[in-house]
Amino acid sequence: KMEVSMEEGSEQLVSAGGSGSVSVSLHPLVVMNVSDHFTRVKVQTGDPNPSVYGVLLGRQKGRSVEVCNSYELVVEVIEGHLVLDKEYFTAKEDQFKQVFSDMEFIGWYTNGEVPTSEDATLHEQICQDKENSLLIKLNTSARTNQLPISIYESLIEVEEGSARVLFSSVAYTLATEEAERIGVDHIARVSVTGSTDTSAVAEQLTATHGAVKMLHTRVRLILDYLKAVQSGELPKNHSILRETSSLCDQLPVLDNQLFEKSFQDQTSEVLLVAYLASITKGLDTSNEFISKINIIHDRHGMARRTRGLLF
């Protein structure tokens, strides 16, 4: 469990020089990921205010930055200091580059009101390999109608011969795509406890489910009638049989080669996606296992070299 408390004077880490120099577009997917990360850790650990950390992915063109996606980071507390797991960070970054080749590292996120000294320490560790990293802070304790998100860019200030990290607030806008707007609308409506509002997605799915259920009931009724006529339980009604035959004739022919080929192609694609997902998960597990073996091997090798020097 990692807890980062607000220290006195932590507000001094925020530069008073005004807004930052970059233009940021934030996608709702990032906000949902950060909120889901915090809520999940809060429920799993029982900590009412846990600290969570993750990486921001997006696109940058000049001074315009688009934050599109995110993934979680592993941060440990060692002797009271936050320490980034760089091996996990590097491995995850390589995996995401294989899937999202058009996205790059933009920054990192955490929760809290304003940047703290712990945030500055972790920011320096991240900036050893990545420059110009943005910081997103999600204020989980805010009670406001506004989006409780603050975005900062880092500045280096030299004071009395020593450099320190300051954060400058950056204005941002929300950039959404059609799929994100549908998802956000659905989550916003169903997440309100006791609300009678339903999203467009829920209404569409409910209507589709009702139509399919009614169709299944009617088809089952026709099938039961035909079986009863065939077995002699009911007399033949030629009017009903003609209407049933006409209805069947209106159905598309499903035993042609074109349908079979299209059906097999779609089935193969679905199975291929599932197979690739299983392979990716297995490779991720293998990479973590190999990394642990290499760490143990390096430690044993160092111990043998140390004993050789002593004896």
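**A walk through the predicted chain**

In this predicted model, Val 77 has Leu 82 of strand 5 as its bridge partner. That pair introduces a hairpin, in which strand 4, covering residues 75-78, and strand 5, covering residues 81-84, run antiparallel and are joined by four bridges. Two residues lie between the strands of this hairpin, and Glu 79 adopts a positive phi there, near 55 degrees.

From this local element one can step back to the protein chain as a whole, which contains seven helices and ten strands. Of its 311 residues, 26% are buried, and the chain exposes about 21,400 Å², with carbon and sulfur atoms supplying 56% of that area. When contacts between residues at least 6 apart in sequence are considered, 63% of them join residues that are at least 24 apart.

A single pair of residues shows how distant parts of the sequence are brought together in the model. Ala 175 sits in the loop that connects strand 10 (172-174) with helix 4 (178-190), and its C-alpha atom is separated by 5.7 Å from that of Ser 25, although the two residues are 150 apart along the chain. How is Ala 175 classed by its relative accessible area, as buried, partly exposed or exposed? The value for Ala 175 is 22%, and because buried residues must fall under 20%, Ala 175 counts as partly exposed.

Further along the chain, helix 7 spans residues 257-310 and includes Tyr 275. With a relative accessibility of 53%, Tyr 275 is classed as exposed, since that class begins over 50%. Tyr 275 also belongs to a nonpolar patch on the surface, which it forms with Leu 272, Leu 276, Ile 279 and Leu 283, and these residues together have about 490 Å² of accessible area.

The cysteines offer a last point to consider. How many disulfides does a search of the whole structure find? The search finds zero, where a disulfide would be a covalent bond between the sulfur atoms of two cysteines. Cys 127 is partly exposed, at a relative accessible area of 24%, and Cys 248 is likewise partly exposed, at 47%. Both values lie between the limits of 20% and 50% that bound the partly exposed class, and therefore neither Cys 127 nor Cys 248 is counted as buried or as exposed.

How values were computed
Residues are numbered from 1 along each chain as its sequence is written. This is a predicted model: local features need pLDDT of at least 70, side-chain atom pairs count only at pLDDT 80 or more; totals for chains, interfaces and linings use all residues. Side-chain values use heavy atoms; hydrogens and water are left out. Two strands pair if DSSP finds at least two bridges between them. Buried means under 20% relative accessible area, exposed over 50%, partly exposed in between (1.4 Å probe, protein chains only). Contact means heavy atoms within 4.5 Å. Accessible areas come from the Shrake-Rupley method with a 1.4 Å probe; for residues, only the protein chains shown count as cover. Patches are made of residues with over 30% relative accessible area and no salt bridge: like charges are joined within 9 Å, nonpolar side chains (Val, Leu, Ile, Met, Phe, Trp, Tyr) within 5 Å. A salt bridge is a side-chain nitrogen of Lys or Arg within 4 Å of a carboxyl oxygen of Asp or Glu. A disulfide is a pair of cysteine sulfur atoms within 2.5 Å.
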